[in-house]
Amino acid sequence: MITNTEQAVLCLKRVLYNVEKIIVGKRHAIELVLTTLACRGHALIEDVPGVGKTSLVSALARSVDGSFKRIQFTPDIMPSDITGFSAFNPRTGDFEYRPGAVMSQFILADEINRTSPKTQSSLLEVMEENQVTVDGNSYPMPEPFIVLATQNPVEYLGTYPLPEAQLDRFFMKISLGYPTASEEGRMLERFKEGSVMEKLEAAAQGEDIIAIQSLVEKVFVSADINAFIVGLTRFTREHNDVVLGASPRASLCLYKASQAWALYNSRDFVTPDDVIAMAPHVLEHRIILKQEAKLKKKTALNIVNDALNTVRPAL
């Protein structure tokens, strides 16, 4: 049983090294996914096809001995396909719950922007409340539970962009990117004798992750760090190029992410560097720019960088 920071870090490192047997050269992206998992959050992976998004989630599920399901979102998929439905059992005379695809510990919501807003919104309660409600009955999700949703940043034809309310429910936005030439060569060498995934063994158990999640909540955050986090999020709301800035939920997510990053770096207290490291991944996808700012080629990341350059932590 994991009871302290040292044990938690060793466990997270074991999972990291295990996933790296499959995903080559993307250590920071894997670390961000582990940070999201340690905070009981969910991540949006925005990247082009074929860079390892599905493999990452599958490898993570195998590494912590968890159940994994991939949901391929298409225009005709229904909310009941996600959450499940009640079906009449003639032998018992009762309606019984038939679980949907989301009833698993690790969920890959592939190309989430290719399904209708109605189906997209069926994930909202699951992601926020960790439960599914069907016909007035609530069913808790298995723990640990994480949704990793993907979308293609290049292809927009026939897609339904995620509304701000749903984007805000994603704890973090992550990008894998293409591997370097040497990394791609190592990947080919590693997989020349078939799939490595089948040989991947668990490096941790679900109860280990749950214990780490509890330890993250105990990481100390000072009043000065609190003020720094609030200052960053408020800056995004007051920026002249912004229509919609980071929400109070963003402040809470940045707070939690900083705690997890501190723990991952073997500390039981948060420093300004933890906040600075997590801010782009937590805040960027929550900022909506004015049209004139977009025409000037400004991005949400520019706004986050402006905030980090303007708002200074108390020393």
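These legends describe close-up views of a predicted model.

**View 1. A cis peptide bond precedes Pro 144.** The bond runs from Glu 143 to Pro 144. Its omega is near -5°. Pro 144 sits in a loop. That loop links β7 (137-140) with β8 (146-151).

**View 2. Arg 40 has a positive phi.** The angle is near 60°, and the residue is not glycine. Arg 40 belongs to the loop between α2 (27-38) and β1 (43-46). Arg 40 is partly exposed, with a relative accessible area of 34%.

**View 3. Asp 65 also has a positive phi.** Here phi is near 55°, again in a residue other than glycine. Asp 65 is placed in the loop between α3 (53-63) and β2 (68-72).

**View 4. A salt bridge joins Glu 128 and Arg 249.** Side chains of opposite charge can pair when their charged atoms come close. In this pair, the closest N and O atoms are 3.6 Å apart. Glu 128 is part of helix α5 (residues 117-129), while Arg 249 is part of helix α10 (residues 248-264), so the bridge ties together parts that are 121 residues apart in sequence. Both partners are partly exposed: Glu 128 has a relative accessibility of 36%, and Arg 249 has 26%.

**View 5. Arg 234 and Glu 238 pair within one helix.** Their salt bridge has its closest N and O atoms 3.7 Å apart. Both residues lie in helix α9 (residues 223-238). They are four residues apart, about one turn of the helix. Arg 234 is partly exposed, at 42% relative accessible area. Glu 238 is exposed, at 54%.

**View 6. Asp 241 and Lys 298 form a salt bridge between two loops.** The closest N and O atoms are 2.6 Å apart. Asp 241 lies in the loop between α9 and β10 (242-244), and Lys 298 in the loop between α12 (291-295) and α13 (300-310), so the pair ties together parts that are 57 residues apart in sequence. Asp 241 counts as buried because its relative accessibility is 12%, under the 20% cut-off. Lys 298 is partly exposed, with a relative accessible area of 34%.

**View 7. Shared partners link salt bridges into one network.** The network contains Glu 128, Asp 168, Arg 169, Arg 249 and Arg 286. Glu 128 and Arg 249 are the pair from View 4. Across the model, the count comes to 12 salt bridges.

Technical notes:
Residues numbered from 1 in each chain as written. Predicted model: local features only at pLDDT ≥ 70, side-chain atom pairs only at ≥ 80, totals over all residues. Heavy atoms only, no water. Buried < 20%, exposed > 50% of the residue type's maximum accessible area, 1.4 Å probe, protein only. Salt bridge = Lys/Arg side-chain N within 4 Å of Asp/Glu carboxyl O.
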